[in-house]
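Biologist: I'm new to this one, so could you take me through a single part of it up close? Pick a helix and tell me how it sits among its neighbours.

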Amino acid sequence: MENLLGGIEAGGTHFVCAVGNSPENIKDQTSFLTTTPRKTMETVINFFRPHKNITGIGIGSFGPVDLDKNSSTYGMITTTPKKDWRNVNILEITKSSLDIPVNIDTDVNAALLAEHKWGNAKNKDNVIYITVGTGIGGGAILNGKLIHGLSHPEMGHMKIPRNSNDNFEGVCEYHRDCLEGLASGKAIEKRLKENITNHDKTIWEFESQYLGIAISNLILSMSPQRIVLGGGVLNHEGLIDDVRIQTLKSLNNYVYMDEIISDIDSYILPPYLGDNAGVLGAILLAK
Ligand code: ZN
């Protein structure tokens, strides 16, 4: 009998649940909006309950989430801006309701795992995955292994030098104008709302500039062989091309590698698995 697993992509705006074991073998899948922890987790549990044959569940969660297996709050969402989700232990709820082994990591790490196994990070031992959605997250595989340090990386909250024409205050509750504060989907939404002079073009120029600087910082600090850049904001037409240009501009020929200098289009890539990277990665976490 084939080994089926469950995957939960627990996102800040929506959840995706699936049963299967590879991109070609998904037996059942659903997605729904993230509402209150109680209602959302009830929908999750009700989805998995009839699937008696699954042997484990993986969760790729929005965060920050406690990933220390020795901690008494292992599996708990901690300082999230989503206040009613603070101190919710989604690992415990899933495990106790379904009586099944459950493993958890960040949503970005899950998506990165899936891209590493089946997608645009395949056969690379050193890769960074960045997602620009409502928030900004990043994960890295170095020497073939996901980075887990004290907790997990929070690349989205790095400080970025501002464009001198940018007066936007920023939306991060903790740092105001960190990368997420300046360039997340939430920031763009607020910028567009505040912008009465119709300078949408400038907003997207800032966006590509900040993401380009962030990526060049990551290249300088971790020397990845590839960068996968995903998330809803990247659906904006032409943005990924502009980010590539801004990355080169920020590096200014300093990291003189062919992969970057002459082939940046294959160096910074969108996720091959598209929107399914998160839930497929969650399935990998279940293994
Ligand atoms: Zn921040």
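Modeller: A word on terms before we start: a residue is called buried when under 20% of its relative accessible area is left, and exposed when that figure is over 50%. Keep in mind too that this is a predicted model.

Let's look at helix α1, which covers residues 37-48. With 12 residues at 1.5 Å each, α1 should span 16 Å, and its end C-alpha atoms are 17 Å apart, so the two agree.

Now for the side chains. In α1, the buried residues are Pro37, Thr40, Met41, Val44, Ile45, Phe47 and Phe48. They take up an arc of only 160° around the axis, which means they are on the same side of α1. There's a general reason behind such a pattern: an α-helix has 3.6 residues a turn, so residues three or four places apart point the same way. Turn to the other side of α1 and you'll find Arg38 and Lys39, both exposed.

So what do the buried residues of α1 pack against? Their partners are four strands, β1 (4-10), β2 (14-22), β3 (25-33) and β4 (54-61), along with helix α2 (90-98).

If you'd like another helix to set beside α1, try α6, residues 200-222. Helix α6 lies across β6 (127-132), β7 (136-142), β9 and β10, and runs at about 155° to β6. Those strands belong to an open sheet of 5 strands with mixed pairing, in the order β8-β7-β6-β9-β10.

How values were computed
Residues are numbered from 1 along each chain as its sequence is written. This is a predicted model: local features need pLDDT of at least 70, side-chain atom pairs count only at pLDDT 80 or more; totals for chains, interfaces and linings use all residues. Side-chain values use heavy atoms; hydrogens and water are left out. Two strands pair if DSSP finds at least two bridges between them. Helices (H or I, at least four residues) and strands (E, at least two) are DSSP runs, numbered from the N terminus. Contact means heavy atoms within 4.5 Å. Axes are lines fitted to C-alpha atoms, for helices over the stretch in contact, and angles run from 0 to 180 degrees between N-to-C directions. The expected span of a helix is 1.5 Å times one less than its number of residues. Buried means under 20% relative accessible area, exposed over 50%, partly exposed in between (1.4 Å probe, protein chains only). The arc is that of the directions from the helix axis to the C-beta atoms.
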